[in-house]
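Welcome, and thanks for taking a look at this one. Below is a short tour, meant to be read with the structure open beside it.

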Amino acid sequence: MSGSSKLIEGRLKKIALVLFIAAGMTVFLGTRSDAKWADSQNRGKGKITEAERQTDANADRMLTEGKQTFRFDTFGDEAFWTDALQLNRAIAGANLGGVGPGVSPATALAVGLKVDLDALPQPLIAQLKQGRVDLNDPATTLALIKLNAVLGVKGTVSGNTLQSVGITCALCHSTVDDSFAPGIGHRLDGWANRDLNVGAIIALAPNLQPVADLLGVSQDTVRAVARSWGPGKFDAELFLDGKAFRPDGKSAATLIPPAFGLSGVNLHTWTGWGSVTHWNAFVANLEMHGQGTFYDPRLNDAAKFPIAAANGFGNVRSNPDLITAKLPALHFYQLAIPAPPPPPGTFDAAAAARGATLFNGTAKCSTCHVPPIFTEPGWNMHTPAEIGIDDFQAKRSPDERYRTAPLKGLWTHQKGGFYHDGRFATLRDVIEHYNTFFGTNLSDAQKTDLVEYLKSL
Ligand code: HEC
Ligand code: HEC
């Protein structure tokens, strides 16, 4: 090669290099000028568009309203819990114009009700610390209800009388961090209250005749059924099909699931009844007995849902409607609640890392529990045969399937066991089931690693 051609080649290389850098800069600047970059730059300078501002303001408003609804809204369900069942009288007790012994704070805590520390005034906290508050007196419970400090219980107290009481979503789907004492602490919205004995609370109501009429049984039977549920459980399908017990004689109730970490998840409830907002409308109308509108003609199936069909639960219209207007923000708030990360030191990180590899490989878990949502993007439902369990609960739902449970925050609800009815007491038991059913031949060490991974989610 001649000297001049070498020179030309060198120049060409330089030009190529300059062009390459220029191209790179263009790509780089192009990326920087995309919507996200512009947005982050403009926000600080107050340059966002009017439409963006409206969206941001709407998101803020929905979070605030949704939180309020989730925690405090009864949707007018006092008509059921107070006027019909007279639960207020059982809470107050005979000494305060009600019936029976009443519900003291000690009793309330024993049936899993939780007290919001942040709703208590400082002097009361000081008295509690000094042990100068009578936790065996129902009057104290009334004082707490008046302060709006009992999670999920909304009451009107005038003088020494509990005039009315209603329940909110927070009753079952919130707990506290026990920072003051067991059952007393800061609110944790979305956590499943696995201490709560809903059945024991319902059984206290002086008048269960409306429920007995609905189910076509005696009040004693209603009480026996409610008491059979146990802590952390409720039977949302009982009022539809009247089935209180499974063929094996055990209670038909299911565990209360968390109401956090649900964004990105298509179908909800153990058996995939519908979206979050479908189920919110369902629960507010048919379980809490609030006053609203609910439409789901699948409930007109008289063979599957005899009670729902006979009572027109597939098409409920109340006037006034105290539910529908609250659904958008309630939906938004629940989707915003993240699954809480596990506290440091509660799992073995090295084992969890090995467990992740198994989860996504040999153990075949991620075929259904797709990270990071841990359920299938799409129609996240499986037949009982696909997961190797009986079909009793699946058959009590429209699609007769089980929904792939999202696994984030599993560590928060280990009490009561796993799967819809808590049939597996521990995560190890769940893995043993899959190992046998799928024939994956995991070693003991591999099973331990998988457990550590599940605890880390
Ligand atoms: C009496 C206890 C109780 C109350 C009150 C209650 N829930 Fe539930 N919730 C349950 C149970 C039990 C299930 C599971 C039902 C099933 O699978 O059949 C459930 C399921 C859910 C789910 C599905 C979670 C998932 O894993 O997909 C959401 C969301 C939910 N509830 C939100 C609410 C909201 C919002 C309210 C208030 C309008 C509410 N719940 C009131 C007990 C309750
Ligand atoms: C064929 C799909 C499928 C596969 C594969 C699968 N799961 Fe599941 N998983 C489900 C379904 C469906 C449920 C809900 C069962 C129910 O509601 O009773 C579930 C529930 C669970 C639960 C209980 C969650 C809770 O809140 O109680 C855990 C834990 C779990 N799976 C872990 C795993 C692990 C670990 C693997 C791999 C060894 C795995 N799963 C493989 C579909 C699957």
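Helix α19 is a handy place to begin: right after it comes Gly439, with a positive phi near 60°. Please keep in mind that everything here describes a predicted model. For α19, a quick length check works out well: at 1.5 Å a residue its twelve residues should span 16 Å, and the end C-alpha atoms are 16 Å apart, so the two agree.

**Overall picture**

The protein chain holds 20 helices and twelve strands. Of its 457 residues, 38% are buried. Looking at contacts between residues at least 6 apart in sequence, 66% join residues at least 24 apart. The average pLDDT of the protein chain is 92, and 90% of the residues score at least 70. Residues 17-33 fall below a pLDDT of 50, and this stretch makes two contacts in the model beyond near neighbours in sequence. Where pLDDT is low, the predicted coordinates should not be read in detail.

**The surroundings of ligand 2**

Helix α19 also matters for ligand 2, since four residues of the shell come from it, the largest share. Which residues are closest to ligand 2? They are Cys365, Cys368, Ala405, Phe418 and Tyr419, out of 24 that surround the ligand. Besides α19 (427-438), the helices α18 (384-387) and α20 (444-456) each supply at least two residues of this shell. Sorted by class, the shell has 17 nonpolar, five polar and two charged residues.

Tyr419 deserves a second look. This residue is found in the loop between β12 (402-403) and α19. Its phi is positive, near 75°, although Tyr419 is not a glycine. Tyr419 counts as partly exposed because it has 18 C-beta neighbours inside 10 Å, while 20 or more would make a residue buried.

**The surroundings of ligand 1**

Around ligand 1 there are 26 residues, and Cys169, Cys172, His268, Thr269 and Trp270 come nearest. The helices α9 (170-173), α14 (276-287) and α16 (327-336) each supply at least two residues of this shell. Among the contributors, α14 gives the most, with five residues. By class, the shell around ligand 1 has 18 nonpolar, seven polar and one charged residues.

Helix α16 has a buried side to explore as well. Its buried residues are Ala329, Leu330, His331, Phe332, Tyr333 and Gln334. What covers them includes α3 (50-72) and α14.

Is Leu262 buried or exposed? With 23 C-beta neighbours inside 10 Å, Leu262 counts as buried. Leu262 lies in the loop between β8 (254-255) and α14. Leaving aside neighbours within four places in sequence, Leu262 is in contact with His268, Val276, Gln334, Leu335 and Pro406. One of these, His268, is also among the residues that come nearest to ligand 1, and another, Gln334, is a buried residue of α16. Leu262 and Gly190 are 72 residues apart in sequence, yet their C-alpha atoms are 9.9 Å apart in space.

**A hairpin**

Strands β2 (residues 153-158) and β3 (residues 161-167) pair in the antiparallel sense over six bridges. One pair of bridge partners is Lys154 and, in β3, Gly166. Two residues sit between the strands of this hairpin, and Gly159 in the turn has a positive phi of about 65°.

**Backbone details worth checking**

Most residues other than glycine have a negative phi, and most peptide bonds are trans. The table lists the two cis peptide bonds described here.

| Peptide bond | Omega |
|---|---|
| Asn319 to Pro320, cis | near 5° |
| Pro371 to Pro372, cis | near 0° |

Pro320 lies in the loop between β10 (315-317) and α16. Pro372 lies in the loop between α17 (349-359) and β11 (381-382).

The loop between α17 and β11 is also where Lys364 is found. Lys364 is not a glycine, but its phi is positive, about 65°. Why does Lys364 count as partly exposed? Lys364 has 14 other C-beta atoms within 10 Å, and partly exposed residues are those in between the cut-offs of 12 or fewer for exposed and 20 or more for buried.

Note on methods:
Residues are numbered from 1 along each chain as its sequence is written. Chains are lettered from A and ligands numbered from 1 in the order in which they are written. This is a predicted model: local features need pLDDT of at least 70, side-chain atom pairs count only at pLDDT 80 or more; totals for chains, interfaces and linings use all residues. Two strands pair if DSSP finds at least two bridges between them. A residue is near a molecule or strand if its C-beta atom, placed from the backbone, lies within 6 Å of it. Ala, Val, Leu, Ile, Met, Phe, Trp, Tyr, Cys and Pro count as nonpolar, Asp, Glu, Lys and Arg as charged, and the others, Gly among them, as polar. Two residues are in contact if their C-beta atoms, placed from the backbone, lie within 7 Å. The expected span of a helix is 1.5 Å times one less than its number of residues. pLDDT is the predictor's confidence in each residue, from 0 to 100.
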